[in-house]
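This report looks at charged side-chain pairs and at the way one helix presents its faces. Please keep the sequence and the coordinates at hand while reading.

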Amino acid sequence: MSKLTTEERNALPDSAFALPGRRYPIPDATHARDALARASEMLHRGNLTQAEYDLIHRKAEDVLRQERL
């Protein structure tokens, strides 16, 4: 899992997070892949709604698509 220090996380704009409340940071491809894995796990545990999962998935895929360009 890729690590962000508290200082790095606090420096990220709100747009670098998949969910409100600055949840699921996705500033780069590594974090986007990690967010996809964690979101899938949390959905299956019942800790995320389908709508939250769909939002994380869409935003993470956007980050990954941009990294491929």
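The text below takes up the salt bridges and then a helix.

The model is a predicted one, in which local features need pLDDT of at least 70 and side-chain atom pairs count only at pLDDT 80 or more, whereas totals for chains, interfaces and linings use all residues. Residues are numbered from 1 along each chain as its sequence is written, and side-chain values use heavy atoms, with hydrogens and water left out.

**Salt bridges**

A search of the whole structure finds six salt bridges, a salt bridge being a side-chain nitrogen of Lys or Arg within 4 Å of a carboxyl oxygen of Asp or Glu. Three of the pairs are set out here, each with the N to O distance.

| Acidic residue | Basic residue | N to O distance |
|---|---|---|
| Asp 14 | Arg 22 | 2.6 Å |
| Glu 52 | Arg 23 | 3.8 Å |
| Glu 41 | Arg 38 | 3.1 Å |

The pair of Glu 52 and Arg 23 links distant parts of the chain, with Glu 52 in helix H3 (residues 50-68) and Arg 23 in strand E2 (residues 23-25), 29 residues apart; helices (H or I, at least four residues) and strands (E, at least two) are DSSP runs, numbered from the N terminus. By relative accessible area, residues are called buried under 20%, exposed over 50% and partly exposed in between, for a 1.4 Å probe and protein chains only. On this scale Glu 52 is partly exposed at 23%, as is Arg 23 at 35%, while Asp 14 is exposed at 57% and its partner Arg 22 is partly exposed at 25%.

Arg 38 and Glu 41 lie three residues apart in helix H2 (residues 29-45), and are therefore separated by about one helical turn. An α-helix has 3.6 residues a turn, so residues three or four places apart point the same way. Arg 38 is partly exposed at 33%, and Glu 41 is partly exposed at 29%. Both belong to a network of salt bridges that links Asp 34, Arg 38, Glu 41 and Arg 45.

**Helix H3**

With 19 residues at 1.5 Å a residue, H3 should span 27 Å, and its end C-alpha atoms are 27 Å apart, which agrees; the expected span is 1.5 Å times one less than the number of residues. The buried residues of H3 are Tyr 53, Ile 56, Ala 60, Val 63 and Leu 64. Seen down the axis, these buried residues fall within an arc of 100°, so they line one face of the helix, the arc being that of the directions from the helix axis to the C-beta atoms. The buried residues of H3 pack against strand E1 (17-19), E2 and H2, where contact means heavy atoms within 4.5 Å. The face of H3 turned away from its buried side carries the exposed residues Ala 51 and Gln 66.
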